[in-house]
Structure formats: C-alpha cells, structure tokens
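Got the viewer open and a hand on the selection tool? Here is a short walk through the model, one selection at a time.

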Amino acid sequence: MTTRPAASPLASQVRPRASWAPPAPMGTWRLEWLRLTRTPRAIALAAVYVIFGLGEPVLTKYLNNIINHAGGAQRLKISIPPPVPSDGINAYVGQVSTIGLIVVVVIAAGAFGFDSKQGLATFLHTRVSNIWQLITPRYTVNAAAAITAYVLGTLAAWYETSLLIGSLPVAAMLEGMLCAACYLAFVVALSAAAASVVKNTLGAVGLTVVLLLALPIAGLAHSIQNWLPSVLVSAPYDLISGTHLTHYLPAIGTAVVAAALLLIGTAARLRSREV
Amino acid sequence: MTNGLVAAGLGGTVKLPPHLLAALAPLLVVVLALDVYCLVDVARARSVRNAPKIAWVIVILAFSAPLGALLYLFFGRDRGKSGGAPSAAPPGGQATEPTPASVADAAAEPPAPASREPIVTTSGLTRDYGGTGLFDVDLVVPRGSIYGLVGPNGAGKTTLLSIVCGVRRSDSGGVCLDVARDKIAVCPDVPEFDGWLTAYEVVDLARALVAGPARLGGAGREGGAGRNSGSDAILAALRTAGIGDVVDRRVAGFSRGMVQRLGLACALVTDPELLILDEPTSALDPAGRAEMLNLVAAMRGTKTVIFSSHILADVQRVADQVGILRDGRLLYQGSASDLIEQHLRPSWLVKIAGDAARVAQVMREQPWAARVEPAGGGLIRVDADSIESGERGIPAVIASCGARQVSCEPVAADLESAFLALTSQPLAEAR
C-alpha cells in the first residue's frame, strides 16, 4: 500500500538511483542555451550564414562562367567585369541581409513569444518577480547567437574571397562586423518589442519584417538617412570600398539607443500584459 | 594528380585548380555535414513531423543541398525526441501507482475546521467583458482550507483565479493576499511547457524562477548540499505528482494528463503556502483524478488550496469551503455541508405496494410536498419542505390511499443536488 505523508506531500526523501545524475541546474540563461541547442535554431542560424559565406564568393568569382555556360546553346555572350574583393563580401551581405535576417527574426520572435501560449505565459508570469528575469537572457543569448552566426559567415566569406578573388582590408572587415553586430542587436530588440505588441509569433515576425522594410523607406529623407540603423546593412561592403567608420557612428548610436529603448518598452508591455 | 583535381561531368572532364578546390572544400564539408546530421537524426528519431521518415530522407537527399536538410530541421524534426531512452524505473524509486487504499483516505476524512483567518480576500471584484466576466465578487478563503470553486462553463472561475494570482486585472474592487507572492503557486487548467525540456528540467526551472538557480557544490556537480536538497525536492515533487518514472523524458512526448501532473509538480516544488489549481483533474483518468484529490486533501491544514472544478463530486469530496459562481456572480460561499443544508430540500424514495400513481397524485396535493415524481417499479421520489412534515405526511397519505409502504429511504444529500437547486433559481433569488 502506498501512503503519503498527510502533513506535507513533499516531505518524503527521495534519493536518485546511483546511475542517474541530475542535469546541470536550470535557470533562465540555461533555458535559452537549451532553446538554441536542443532545437534546430542554432544549427539553422549557423548553417544559413556559413553556407552563404562559403558559397557567395564562389558564385561571384565564377558568375561569368556560369552565365555563359547556361546560355551556351544560344551562343549568347554576357560579359561581366571581373570581380573585385569587395564583390565577394557584397554578395554575402546581400544574401544574409534578407534570408539571414528573416531567420534571426523568426528565432528571436519565437523566444519572446512566450505569451502566445496561455499555459506557458501563466507558468512564467506567476513565477518571476521581475520581467527582466525573462527578457535579459532571451535578448542576450539570441543577439549573441545572431552575431556569432554573422561573424562565422563573414569569416567564411573572407576566406573564400581571399582565396578566389583577392585580399580584403583587415581593419575595414572588423569595422564591418562591428556595424553588422550593432544592426543585429537592434533587430533582435525590435523582434522582442514586436512580440510584446503582438501575441502571435507569426504576427510578431511579420510586424518586425514590415518595420525593417520601412526603415530604408524612411531613409529616403536625407536629413535622417545617416541616423537610421538600416544604413548599417551595407556598411560591411562600403567600409571595404573606402567609406570611413565615422560615417556610420550616428547609425551605430541610434541602433544601440533604439535597442535599449525597445527593450525597456518590451519590459513595460510584458509587465502590463494580461495572460 | 599533378595540378588540381580532375572532375568528371556530363560535358566531359573539368580540371579544378587547387585554389578552387580549397575554396569549395569547406562549402562541401558544411553542406555534407548538415545532410549527414539530418539523415542520422531521422534514423535515430522515434518519430518525425509532417511526413513519414522515408519521405524526409528523400527530401534531404533529393532537394538541392542543403535546402532539404534545412526543411527537415524546421518542419520535420520531432521536438519531442527524447534525450535518452525512457527509464524503466523511476530514478527516485518506484512509480507512484494509485491504489484503492491510498485513494481511500485522506479525501474521505471529514474536512478539518479551517482557521478563520483569511489568506485571500476580494472585495467587490469586477471584470466586465461586455456582459460576461465577474461582478462584485467578495471571495474569502480561510487559511489552511481547501476551497472549491464551482460553476458552469463561462461562470468566471478562471477569470477570478487569474485576477487573484495577478495575471489579469480587475476593472474595480481589490484583492488582498495575506501571503508573499513567491509563496503562491498556480497551475492552469492546460499547463504548457517548452517541449524540448525534460520533466526534471521543467520542475527545476519552476523552482529556479522563484528561488534562484541552485549553486553547484564544491565537490562537483552533485557535491553541494544545497544542490542535493534541490534535486531531492524536484524528484519528490515529480513523484508526488505521479510522474516520477519519466523525469528524464522530454515534455513534448507527454500526454495531456502527464502535462497536468507536471504542472502540479511545478506548483508543489516551491512548497507554496497558497496553491491555486484551475481544473486540476480535467485531463486525468479516474485513477489519476482520485490520486489528485487525495493529494489535495492531504494538504488540508498545511497549505491553502483554491481549486476550480466542474466535477461537483470532486469538490464535495475534498473541499471544506465552497464558492459557487454563476454568470460572474458568487451565489454562495461557505461550508459544503451548510450549502447542502440550506439549499437542498429533504427527499425520500418511497416504495409502494398498490396503486402508486394514485398515491403520487394525492401526495402532490399536500401543502408540504415540494415535488413528487414517480420513479417506476412502485417507487416515488418525494421532496418535502421540511424533514418533519415529510416524516409525518408520507405515511399518512399512503394509509389514506389504502396502499402499503414497502420501504421509505431518505435520499442522500449531495453537492450536485444543492448546486442544481441553487443555480436553477433566478439570479436575484439565488443570491
């Protein structure tokens, strides 16, 4: 007969069997790490950036051959100027600023979309005393993952470009990575803010993408063009083409401040949002 | 090979220069590694999503690499895949199977008198969703009581519990809690967790969110006393909730009943003073329900439990305090026995030898008879306005009709009858 203590159901002392060891202690930071590594998120993020980094410079180098081979039957001759090293990076940036960015937004919005499931939202909201317990690890880990994936992809593109097309300036490449990192930090914060406005994860992704597309349109106004984070998208290419980093300092400042403000807004929204 | 690699193709052979080979090699390695990883993952997975395993193998191999692999990662990979084989025996010992004896018991004990000091008080709590919601609810939950909140669908039970636990706001009125926020645990009717966590990790997370992460001891991962006690508490909570044998299984593979038990384990692990359980037995089988009620009953006096349920027999079995909600209004609040006494008419089941229809007809004409219903086979159910009038009147009517009384048994009063009597009245009258 199984009996339970009447006074406290938790009073029983349970000892795990010798072969079973409890896993590492859980916490909100470990939760985010496991979210990346136990789901396809980390692999997908790294795969997208690294594959573009490895593939785009090769395509750029042999674009002429590929086009002419494809049009060989009609004897159609298309001539493209020989690529320069910056073209390899430009092709990589062009791809990751669309497909790569969407992957980042989907992953970040998914991490911040915990309120889309009522049971999960109740579990979290009734336990945390401070909403930053949830926001800080989610933002930090997702932004770090996005930046790491971008850096890995850039290193791959750098290697391929140097091998196939020509060498790239080290300082400009590092500055380009800095600009891209700031932009990705801004994008993750924007995804978090969108998830705090729209409960549905797909809706949050859509809202983020629309806002990211709206930024370059707003940049048509010359007075604010240099201040918008969206100019950082092309910075890695522009920097190795001769533009100075100081040109991007206003946009970097805006991205950092906007990310901080968006996170504060996210905290306020999540704190006041009903489950 | 003297200068590069010779590759054969449809158009003949192409000589790849060494620098191109060096450039393509990393790309090929990454793409192949991704495809191999996905193929191994498909082979090892117990199940995959959206398509059969063989279909995903074809997608991975046939689609332009690495597109097929990425499609599999996003749409095919089963998030419930276990990190290891399910253990045959629970880490903590034997699985907790409910036994008739264990289920007997604490629930069957007479409710202990609860302390008069309230732990939860609401005053004029109102939340209007446009005609539905909550209206002017004054809830009083005595410390140490088991408070059963009952009501039909849409009565406002979940809204009331959500406001009490702070995840929703009221339009007016207030909630007074005589307990620290971190000593309140909530288990919603449909708990949800990240499916890629194991049951142990979910409960550990529930504990860490309230108490902070357990620190590793100086002697290694399991060396610290704090870590051990934390681990013991987690395992104990899982065992108490009846899922001690699946601690290392991922939650995505759990049934709804197991998830509900996991929700309870999360609530118990922090040793709360106030436990709010929304429909805690809704997804459980009969044995699981009995076990859950037994567990709730065992907390009487040591914890305060507020639980909502549609199943009145469950409430009657364990609750010493009952609140009845209907259309957002609290119709009754007090002890279950008082509710039955106040809102249930005395009733008898009389067996007649003779003309039962005539007896029933005469019985209906009596001023003390509230309801008379023939039940077939010479049986008549008689509700009277008082016990005395029924006990005196029933034999007299039977005698006057020249019939013989075979038996006359009082019908046991239950919460369901009282609930129906109360909720079938017009709202103003019921209040």
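Before we start clicking, one term: two strands count as paired if DSSP finds at least two bridges between them. Keep in mind, too, that this is a predicted model.

**Stop 1: a bridge partner.** Select B:Ser347 and look across to strand S15 of chain B, where its bridge partner is B:Asp383. Now pick B:Arg371: its bridge partner in S15(B) is B:Asp383 as well. For one more pair, try B:Lys351, which stands opposite B:Leu379 in S15(B).

**Stop 2: the strands on either side.** Show S13 (residues 347-353) of chain B, which runs antiparallel to S15(B) and is joined to it by five bridges. Then add S14 (residues 369-376) of chain B, also antiparallel to S15(B), this time over six bridges. In the hairpin of S14(B) and S15(B), two residues sit between the strands, and B:Gly377 has a positive phi near 65°.

**Stop 3: the whole sheet.** Colour the four strands in chain B and you'll read the order S14-S15-S13-S16 in an open sheet with antiparallel pairing. S14 and S16 (404-410) of chain B are the edge strands, each with a single partner, so each has one side without a neighbour in the sheet. From one strand to the next, the twist averages 25°.

**Stop 4: helices on the sheet.** Add H12 (residues 356-364) of chain B, which packs on the sheet and touches S13, S14 and S15 of chain B, its direction making about 170° with that of S14(B). H13 (residues 387-400) of chain B packs on the sheet too, touching S13, S15 and S16 of chain B, at about 140° to the direction of S15(B).

**Stop 5: side chains of S15(B).** Which residues of S15 (residues 379-384) of chain B point to the buried face? Turn on the side chains: B:Ile380, B:Val382 and B:Ala384 point to one face and are buried, while B:Leu379, B:Arg381 and B:Asp383 point to the other and are not.

**Stop 6: over to domain 1.** The sheet's residues fall in domain 3 (345-412) of chain B; now select domain 1 (5-76). The C-alpha centres of these two domains of chain B lie 83 Å apart. Here H1 (residues 18-44) and H2 (residues 53-62) of chain B pack at about 175°, axes 10 Å apart, and are therefore roughly antiparallel. At their contact, B:Asp35, B:Cys38, B:Leu39 and B:Val42 in H1(B) meet B:Lys53, B:Trp56, B:Val57 and B:Ile60 in H2(B).

**Last stop: chain A.** Select H7 (residues 170-197) of chain A, where 20 of the 28 residues are buried, so the helix is largely enclosed by the rest of the structure.

Conventions. Residues are numbered from 1 along each chain as its sequence is written. Chains are lettered from A and ligands numbered from 1 in the order in which they are written. This is a predicted model: local features need pLDDT of at least 70, side-chain atom pairs count only at pLDDT 80 or more; totals for chains, interfaces and linings use all residues. Domain bounds come from an automatic or database domain assignment. A residue is buried if 20 or more other C-beta atoms lie within 10 Å of its own, exposed if 12 or fewer, and partly exposed in between; C-beta atoms are placed from the backbone. Axes are lines fitted to C-alpha atoms, for helices over the stretch in contact, and angles run from 0 to 180 degrees between N-to-C directions. Angles under 35 degrees count as roughly parallel, over 145 as roughly antiparallel, 65 to 115 as roughly perpendicular and the rest as oblique. Two residues are in contact if their C-beta atoms, placed from the backbone, lie within 7 Å.
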